[in-house]
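Biologist: Could you take me through one part of this model closely, please? Which residues line the largest pocket?

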Amino acid sequence: MTRELLEKKQLILIKYLQNIVSGYTTDKWKIKAEYSTNDNDSRVIVVQEQSGQKQVFYGDILPMYNYYMIDIYGLTIKECKELSLLIGNLIGKSERIEVENNGKLERWQIIFTQYVNPQAIEYMDIRRVGYNSTLQCIISKIYEKDL
């Protein structure tokens with residue numbers, strides 16, 4: 001799998017999470033990839049691709065599952081836990097997202113399969129609290145056409 005495809009899948013997931021978090025709370029939350037955050041961010045959800053069991057069924061088919069570490073940093077453990085529960089409730093759901101990319105309309109599907117090890121974390125040196133977990137999902141492009 002190319003680096004470009006990994007980043008594209010991560011951005012699709014970020015876009016979807018931004019939509020559901022914006023609809024869930026009136027507080028301003030940012031959803032970011034790990035390479036675009038800093039220690040001053042508060043109320044931020046960091047999405048980072050990570051390793052996991054990459055099942056391939058045959059030949060040169062791309063791995064079936066994508067794994068993402070989800071770090072939720074908020075002002076209180078309570079608000080972090082509530083967002084963690086919101087993400088956890090996605091398990092078993094299948095969502096479709098349309099995006100424009102280089103003059104093409106793309107339709108992507110995300111199938112949420114597992115959300116494991118949500119746990120509270122605290123960084124005393126930067127005074128930030130949060131929740132950390134791993135999300136297993138299948139992200140695939142299912143349609144593309146020229147605009």
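Modeller: Happy to! One definition first: helices (H or I, at least four residues) and strands (E, at least two) are DSSP runs, numbered from the N terminus. With that in hand, the chain reads α-β-β-β-α-β-β-β along its sequence, which amounts to two helices and six strands. Please keep in mind that this is a predicted model. The chain has 147 residues, and 41% of them count as buried. Among contacts with a separation of 6 or more, 58% join residues 24 or more positions apart.

Now to your pocket. The largest pocket has a volume of about 190 Å³. Its lining is made up of E4, L5, E7, K8, L11, N101, N102, K104, E106, W108 and K141. Sorted by class, that lining holds six charged, three nonpolar and two polar residues. Two elements, α1 and β5 (104-123), each give at least two residues to the lining. Helix α1 provides the largest share, with five residues.

Since α1 gives so much to the lining, let us look at that helix next. Helix α1 runs over residues 3-24, so 22 residues in total, and its first and last C-alpha atoms are 32 Å apart, close to the 32 Å expected at 1.5 Å a residue. Its buried residues are L6, K8, K9, Q10, I12, L13, I14, Y16, L17, I20 and V21. K8 is thus on two lists: K8 is buried in α1, and K8 also lines the largest pocket.

Two other residues of α1 lead us to the strands. I14, one of the buried residues of α1, is in contact with K32, and K32 lies in strand β1. You may wonder why a lysine there is called buried: the cut-off is under 20% relative accessible area, and K32 has 19%. Setting aside neighbours within four places in sequence, K32 also touches T37, D41, V44, I45, V46 and V47. Y16, also buried in α1, is 80 residues from R96 in sequence, while their C-alpha atoms are 9.0 Å apart in space.

R96 belongs to strand β4 (residues 94-101) and is exposed, because its relative accessible area of 56% is over the 50% cut-off. Outside its neighbours within four places in sequence, R96 is in contact with R107, W108, Q109 and I142. W108 brings us back to your pocket, as W108 is one of its lining residues.

Strand β5, the other element with at least two lining residues, also holds N117. N117 is not a glycine, yet its phi is positive, near 55 degrees. N117 counts as exposed at 56% relative accessibility. R43 is another non-glycine residue with a positive phi, about 50 degrees, and R43 sits in the loop between β1 (30-33) and β2 (44-50).

For completeness, here is the other helix. Helix α2 (residues 77-88) has 12 residues, which should span 16 Å at 1.5 Å a residue, and its end C-alpha atoms are indeed 16 Å apart. The buried residues in α2 are E79, C80, L83, S84, L86 and I87. These residues lie on the same side of α2, because they cover an arc of only 155 degrees around the axis.

Conventions. Residues numbered from 1 in each chain as written. Predicted model: local features only at pLDDT ≥ 70, side-chain atom pairs only at ≥ 80, totals over all residues. Heavy atoms only, no water. Expected span 1.5 Å × (residues − 1). Buried < 20%, exposed > 50% of the residue type's maximum accessible area, 1.4 Å probe, protein only. 1 Å grid on protein atoms, 1.4 Å probe; cavity = no way out; pocket = protein on both sides within 12 Å on 5 of 7 lines; lining within 4 Å. Points joined across faces, edges and corners; volume = space filled by probe spheres on them. Nonpolar A, V, L, I, M, F, W, Y, C, P; charged D, E, K, R; others polar. Contact = heavy atoms within 4.5 Å. Arc of directions from axis to C-beta.
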